[in-house]
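Biologist: I'm new to this structure and would love a close look at just one part of it. Could you pick a helix and walk me through what surrounds it?

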Amino acid sequence: MPDAVPSFALLPGAAQSPVILHVPHSAREIPAAVRAGIALDDGALARELDHITDAHTAELAEAAAALSAVTPWRFVNRLSRLVVDPERFPDEREEMLAAGMGAVYTRTTHGAVLRPDDTDAEPLVERYFRPYARAMTQAVADRLAATGRAVVIDVHSYPTAALPYELHGAGPRPPVCLGTDAFHTPPGLAELARKAFARCGETGLDSPFAGTYVPLDFHGGDARVGALMVEIRRDMYMTEPGGPAGPGLSRLAAALAELVDGV
């Protein structure tokens, strides 16, 4: 049976834009067949979604795209990261396996059982993770073919107070954290982001979250693919956890649009 909501969407931008705003964690939708394998009752699941979802980041990317002089492309996950997390490695390379949060989560943000430890992740990886990865790979390849380069800007958010699942939660938690990659994040890209988000307060690098998302076909080997992760502290734009967006969203959208135009 097909899912009620498509797993992901590629929303076209300008033909001459190299930028893909990637929004992997904004949705709360879980197909019924996947929900059946989750151990939490409805109330506990709703609370977990409040904590784990990067709420309103799809709206943030949409608003930034509308403000940009050259419209970026947007690749948006339509399903919750509790279905699969498309930014994890689907194997033992993933450090978040230590927290029960590989590509298919078995633990919640607070360490409770989300799925049994002996859950076979492969059906979910095959149904949701691999098609997402293939589509994102094609989206980057299309930007390379059209413009000679591609820049993936990940749009995330994170809670003001560290959650128990965070492996590196003891460091600074600035209003805007920029995740970088030694190969795919040129210094000029991070500096553009620092300047663009200066209106929103302090920016920091790689704390509490580090790294970027680049499809594996290009990762570490194709310097034409740039990448930056933008992690926004949730008190900057919403009521935590899982509450409505506030006026800060507009300021952040303007800053993200400035970054897009700078690229």
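Modeller: In this predicted model, the buried residues of helix 3 pack against strand 2, strand 3, strand 4 (150-158), strand 7 (225-233) and helix 6 (248-262). Helix 3 itself covers residues 57-67, and its buried residues are T57, A58, L60, A61, A64 and A65. Viewed down the helix axis, these fall within an arc of 160°, so they line one face of helix 3. That fits a general pattern: an α-helix has 3.6 residues a turn, so residues three or four places apart point the same way. A66 and L67, on the other side of helix 3, are exposed.

Let's follow one of those packing partners, strand 3. Five of the five residues in strand 3 (residues 73-77) are buried, so the rest of the structure largely encloses this strand. In a regular strand, side chains alternate between the two faces of the sheet. Here W73, F75 and N77 point one way, while R74 and V76 point the other way, and all are buried.

Strand 3 also has paired strands. Strand 1 (residues 8-11) pairs with strand 3 in the antiparallel sense, over four bridges, and L10 has F75 as its bridge partner. Strand 2 (residues 19-23) runs parallel to strand 3, again joined by four bridges; there, L21 is partnered with R74.

One last neighbour of W73 is worth a visit: R143 touches W73, and its other contacts include I20 and P18. R143 sits in helix 4 (residues 122-147). R143 is buried yet has no salt bridge, as the nearest side chain of opposite charge, D142, is 6.1 Å away.

Terms used. Residues numbered from 1 in each chain as written. Predicted model: local features only at pLDDT ≥ 70, side-chain atom pairs only at ≥ 80, totals over all residues. Heavy atoms only, no water. Buried < 20%, exposed > 50% of the residue type's maximum accessible area, 1.4 Å probe, protein only. Helix = DSSP H or I, 4+ residues; strand = E, 2+ residues; numbered from the N terminus. Pairing = 2+ DSSP bridges. Lys, Arg positive; Asp, Glu negative; His and termini not counted. Salt bridge = Lys/Arg side-chain N within 4 Å of Asp/Glu carboxyl O. Contact = heavy atoms within 4.5 Å. Arc of directions from axis to C-beta.
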